[in-house]
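Visitor: I'm new to this one and would like a close look at a single part. Please pick a stretch and take me through it slowly.

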Amino acid sequence: MKYLFIVVFISAAFASKAQKYVLLDESISQPAVYTDHLSEMKKYNNFFPIEVKDVPQFINVLEQIVERLNEKKRTKEVSNYKVGCAQFTGRAFPLANGERIDYILTSTCEGKKVTMHLCDAKLSNSNNAYFIETWIKYIRSNVKTAVWSR
């Protein structure tokens with residue numbers, strides 16, 4: 001019984017040190033930063049905050065957007081998503097030979113509003129898909145492995 005108490009105590013100590021947010025670099029040039037509070041957001045320009053617990057679902061949405069970007073059909077409709085305090089707002093712009101997709105990513109964690117142009121309709125869908133796929137690789141390699149449920 002004494003050993004069970006020690007194991008529970010140690011696991012609780014490790015669990016309490018977990019950070020609540022991960023700040024992802026929009027330009028993929030700096031490592032992700034972990035924090036409990038977003039009060040120091042000014043120090044991290046061009047970083048996008050998401051809750052650590054939402055990272056797997058966040059990546060899932062990014063993968064769905066990549067799939068949509070790689071589709072060749074014109075539907076004029078795109079899905080909007082909400083993951084924790086992050087919201088994906090999309091629009092489709094019809095062109096003569098297809099359509100371009102635009103997504104704005106907005107985070108409202110702790111009342112701090114941060115926006116990122118995730119997918120720009122000025123660029124081709126294949127270029128946007130390439131950027132998002134690269135960002136997914138960046139997130140997977142920079143986020144602590146304890147987050148992954150796969």
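Guide: Helices (H or I, at least four residues) and strands (E, at least two) are DSSP runs, numbered from the N terminus. This is a predicted model, with local features needing pLDDT of at least 70 and side-chain atom pairs counting only at pLDDT 80 or more, while totals for chains, interfaces and linings use all residues. Residues are numbered from 1 along each chain as its sequence is written, and side-chain values use heavy atoms, with hydrogens and water left out.

Let's take the strands β4, β5 and β6, then see what they lead to. Strand β4 covers residues 81-83 and β5 covers residues 86-95; the two run antiparallel and are joined by three bridges (strands pair if DSSP finds at least two bridges between them). One of the partnerships puts Val83 of β4 opposite Ala86 in β5. Two residues sit between the strands of this hairpin, and Gly84 there takes a positive phi near 60°.

Carry on along the chain and you reach β6, residues 98-107, which runs antiparallel to β5 and is joined to it by 10 bridges. Here too there's a hairpin with two residues between the strands. Across β5 and β6, Phe88 has Leu105 as its bridge partner.

Past β6 comes a loop leading to β7 (114-119), and Thr108 lies in it. Thr108 is partly exposed, at 42% relative accessibility (buried means under 20% relative accessible area, exposed over 50%, partly exposed in between, with a 1.4 Å probe and protein chains only). Follow Thr108 back to Ala86: they're 22 residues apart in sequence, yet 6.6 Å apart in space, C-alpha to C-alpha. Leaving out residues up to four places away in sequence, Thr108 touches Cys85 and Lys113 (contact means heavy atoms within 4.5 Å). The loop between β6 and β7 also holds Glu110. Its phi is positive, near 50°, though Glu110 isn't a glycine, and Glu110 is partly exposed, with a relative accessible area of 42%.

Another non-glycine with a positive phi, about 60°, is Asn46. You'll find Asn46 in the loop between β2 (33-35) and β3 (47-51), where it counts as exposed at 52% relative accessibility.

Now back to Phe88, the partner of Leu105, since it opens the door to the rings. Phe88 belongs to one aromatic cluster, along with Phe48, Phe58, Tyr81, Phe131 and Trp135. The structure holds five aromatic pairs. Phe131 and Trp135 make a stacked one, 6.5 Å centre to centre with 15° between the planes (rings of Phe, Tyr and Trp, its six-membered ring, pair if their centres lie within 6.5 Å; planes under 30 degrees apart count as stacked, over 60 as edge-to-face and the rest as tilted). These two are four residues apart in helix α3 (residues 125-142), so about one helical turn separates them. Phe131 is partly exposed at 27% relative accessible area, whereas Trp135 is buried at 0%.

Helix α3 itself has 18 residues and reaches 25 Å from first C-alpha to last, close to the 26 Å expected (1.5 Å times one less than the number of residues). Its buried residues include Asn128, Ile132, Trp135 and Ile139. What covers the buried residues includes β6, which you've just met, plus β1 (21-25), α2 and β7.

Helix α2, residues 55-70, is also home to Arg68. Arg68 counts as buried at 12% relative accessibility. Beyond its neighbours within four places, the contacts of Arg68 include Glu99 and Ile101.
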